[in-house]
Each structure stands twice: as structure tokens, then as C-alpha cells.
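Work through the following exercises with the sequence and the coordinates open beside you. Each task is followed by a solution that goes step by step.

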Amino acid sequence: MPTIQKIQLKMTLVNRISPVRVANEEGLMLNDIIPARHKLWWHYPGLRTLNLLLLCAVVTDITNGYDGSMLNGLQILPEWRSFFQHPTGSRLGSITNGVRYGQLGALFIAAPLIQRLGRKKPIAIGSAILLVGVVLQVAAQNYATFVASRFLIGFGNTIQTTACPILISELSHPSQRTQMVGIMNSTGSFGQLMAAWITFGTASIVGSWSWRLPSALQAVSSLFQMILSIWVPESPRWLVEHNRTSEARQILQKYHAEGDSASPLLQFEMKEIARTIEEEKIQAVTSWKEWIRTHANRHRLFIVVTAGFIIQWCGNAVLSNYLHLILVNIGIKSNRTQLLINCGIALNGMFWGNFFSMFVNRMGRRPLFLIGMTGMCFALIVITILGSFQARETFSSALGFSAVAMWFVFGAFYKMPAPMVNSYIAEVAPYNLRAKAFVIFGFGDALANLFSGYVNPIALAAIGWKYWPVWVFVLVSNFTIIYFFYPETKNLALEEVSRVFDRVPSENSDGGETGSDSNEKSSVDGEEIRSPGSKV
């Protein structure tokens, strides 16, 4: 039996938590090709320059983190509450969801924009739109203008956040791809930290500039992105697809192979990119209907759709946008104390986000997903118990601050899956469906946040601590979905992951798909190998 078939059959019995391994035609894997480095990455000129240029994509999540933390801080500021006539319920929800409506609107154009213009130009376009929204937000004189400004911020940011993880996944050095996307996601925590301390600092300003100044500073990261996107290279995969192979080779040679035209890594990457794109062109992987054509793509679609909801439906949206209401419910009403807690939560998130992003390749995707969901679930159970005690007694500062401590624990566990979600989506989706995958993921993310934006403030005001068991149930559901349907992609190149989905035998595979019959039984290297659907 050919070696590649042996490898494919072996994959059917690999434990879900173990990385699936796929070889290329010569039996080599990406990890076999990547040259050993004896110095830290910044000692290599090509890699150093590439990582610095990729900052235009890496910092994109700062806007998301900044926005949520800023809104938490603004709700605490008496000047903001007074200026907008103390918004509550659905009125407050509309302010929170302004960016989500913009997100939904942008998703209709993000994929074709990225497919047609490449990965780098949409980053500049999204940044420009966002900057217009920030100007309008700073100048807002009424509720309607403020909500409209947030629509533009969400619209521009969604174009950024759709293009940036794709550019990072397709351009960064293969040994650093997952870490780079993980750092991108953890920059949201840096944005949270910035906004938390800025709103804390401007709280002493008399008048509307106590909230207008934090609003204005939201423009800094997008201005940086727009300027740096001028120099960042284009995605080699996009260039190859558009018959600009020589440009793609030059980019990979300069930044991945340190100028070595004979580098085995360069040859491997070019061959893998060309072969994968050619295979997908033959299969006409261009239509949205491609998502449901094969079992492999239906599996991918399920992951992409559910991931957007899972990462936002953990209870985190309550903490991100309605910290003021949470703290009031547990008896912490001092504005200064609330602002300091907001700062602490932001610092906690930034630390753990960066920490866990360094372990994505070591631990794997599934362990981080599953441990994170389990930890958040137990933290919310404890918060529920503390809330029930608080409700039966007069407000106790000890119980209140114990609940705050558990929110810090919750935030740490949330940062286990959060830094790697975008890289996981990029790994799961084949090249020509990758932009569409981020659009679908974005829809799930936006719909989950729209629901949370309106329901959370109403539920917190109506039932208080009794709302937390709802999220405990949701987290159990998330865990179940991930355990049974999310495969491991650790240490695989994007093209290798694609072949895992397309060629691994499946008990549900139909005649039109590539792969062995689900009941096939073979002997590989002396071991009896059965597919998951066969009886033992």
C-alpha cells in the first residue's frame, strides 16, 4: 500500500486530542522542512522585518477590546450617563449593538472585497471608514449621532478583522503562524487595558470631554494600521491565485527563506500553495454552495458557524459590556472602585491572552478549547452561588469582592480559546473559501453579540444572579460541540489541514467524495486499522 494511504488510514484512529498528520507527495511534512533556528527570531533580518510589517494586521483587535472596555468605562462616568439621559434596557442595548449592526452590514462586502483586492488593501479601506466613525463619535451631540457613529466603527472594523487574520495566516512564517494570530486576538486585551486606564484618567475632567477624549483615542490603532498597510507585503497565496507567482516567490524567499532561492522551505511552500489552489480550481471551489457539496465541507461549515457563537456565548459579553450593571448588582457602587476593577479585568485579560497564545502549538487547539470552557463553567457556578448568598443577605463587601475575584478567574479561562479562534478558522477553511469562512464566522459573532447586547442588560436588571445558570448551561453545550466535532490541527500547514478534511475516511462520506469506504479495514505497518464507523 502506498505510504500516503497508510498515513491516511492511520489518521482515522488518532485520538481527537492528538494532532493529525498528513504528508505531501514526497512523504514530507511542514515540520520536516522548517529549518532549525539557533537564534531568536529578531536576529533574522527577513523574519524581523516581516513581523514588524505584520503589526498592521496584528493590532486589529485593539479596536474591539478598546470599544468594549471604553463603553464599560463610559457607563460608569456620570457625565456620559447624564449627556445621553441615563440609557437603560434596549436603549442602552442599541448603543452597544451599534457596532454589531455595522458588522453585519460590512460582512456582505468583506469577502468579495478581500477576494478581488487582496488582503492588504481592505485593511486600509476598513481603517479609513473606522476613522470617519470615530470623528462622528467624538463630535456626537445626541443619542442618534452616537449610535450612527458606532455603526461606522463596526463597519470599518469588520472589514479589518476579516482581512487581517487571513493575511497573517497566509503571510506569516509557518513556524509562527498560530502564535501571530493568537497575539492578534490578545491585542484586544491591550485595547481593553488602554481604554480602562484612559477612562479612569479622564473621569476627573469636568464636562463632556471626560468621555469624548477616550472616544477620540480609539482612532490611534486604526491610523497606525492604515499607514503601515502601505508597506506590508500581499498574501503569497492570493498572488499565486492571480497568476503573480514570481511576486509570491520573491516575498517568500525574502521573508521566509532569508533570501535563499534554493531553500527547501521555499520550494515546499510554493509547491503546496500551487497544488492546493490548482486542486480547488479544478473542483470549482468558488460558490457559496461549495460549503454543502461534500461531507468535508459540511463539517467545516458547522465548525465555522458554531465557532462564532461559541466564542461570544460564554458569558463574556456580559462582562465586556455591562460591568457597571454587574458591579451594582453585587453592591459595588463607587465609581472609582468600578473604574479600577475595569482596569484590573483588562490587565488580567491582556496577561492571560498573551500567555496562552504562546502555548497554542504546544497544547493544541482542542485542549485549550475544552479546558477553557470547563474553567469558565466552574467560575460561573461559583459566581451563581455567591450571588444567591448575596441575595439572601444584606450586601456584603466580602461576597461582592469574592464574586469579582471569580470574574478574574473566568477571564483567565476565557483567554485559553480566545487567542486561537481566528487561526483555527483559517486552518479549517480551504483557500478559496477562507474569506467566506470569516464572513460566516463574523455573522455568527455579530448575531451572538446582538442577542447579548439587548438581552443582557434586561436580564441583569430583571433577575440578577439568576441569569448566570443560563450561561452555565450554554458553556456545557459549547463543551459538547467542541468535544465531538472540532478536530485537532496542531502542527499542520494550511494545505495539510485541507487534505485532512478532504481525504480522511468518514463514516458519513458519500460516493462523490474522496476517501475510502467507512468500513474499510487494512493492515498498516503490522497494525490493524479500522475506521471509526466499523465494528470491532
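The expected span of a helix is 1.5 Å times one less than its number of residues. The model used here is a predicted one.

**Exercise 1.** Determine what span helix α25 should have, and where its buried residues lie around the axis.

*Solution.* Helix α25 covers residues 468-485, which makes 18 residues, and at 1.5 Å a residue these should span 26 Å. The C-alpha atoms at its ends are 26 Å apart, so expectation and model agree. Next, the buried residues of α25 are Trp468, Trp471, Val472, Val474, Leu475, Asn478 and Ile482. Viewed down the axis of α25, these buried residues fall within an arc of 165°, and therefore they line one face of the helix.

**Exercise 2.** Establish which parts of the chain are linked by the salt bridge between Asp67 and Arg150, and whether each partner is buried or exposed.

*Solution.* In the salt bridge of Asp67 with Arg150, the closest N and O atoms are 2.8 Å apart. Asp67 belongs to helix α5 (residues 61-76) and Arg150 to helix α9 (residues 143-171), so that the pair, 83 residues apart, links distant parts of the chain. Buried means under 20% relative accessible area; Asp67, with 7%, is therefore buried, and Arg150, with 0%, is buried as well.

**Exercise 3.** Describe the surroundings of Ser221 in helix α12.

*Solution.* Ser221, in helix α12 (residues 220-228), has a relative accessibility of 10% and so counts as buried. Beyond its neighbours within four places in sequence, Ser221 is in contact with Val59, Ile62 and Thr63. With Thr63, the side chain of Ser221 makes a polar contact of 3.3 Å.

Notes:
Residues numbered from 1 in each chain as written. Predicted model: local features only at pLDDT ≥ 70, side-chain atom pairs only at ≥ 80, totals over all residues. Heavy atoms only, no water. Helix = DSSP H or I, 4+ residues; strand = E, 2+ residues; numbered from the N terminus. Buried < 20%, exposed > 50% of the residue type's maximum accessible area, 1.4 Å probe, protein only. Polar contact = N/O pair within 3.5 Å; in protein donor to acceptor, adjacent residues only side chain to side chain. Contact = heavy atoms within 4.5 Å. Arc of directions from axis to C-beta. Salt bridge = Lys/Arg side-chain N within 4 Å of Asp/Glu carboxyl O.
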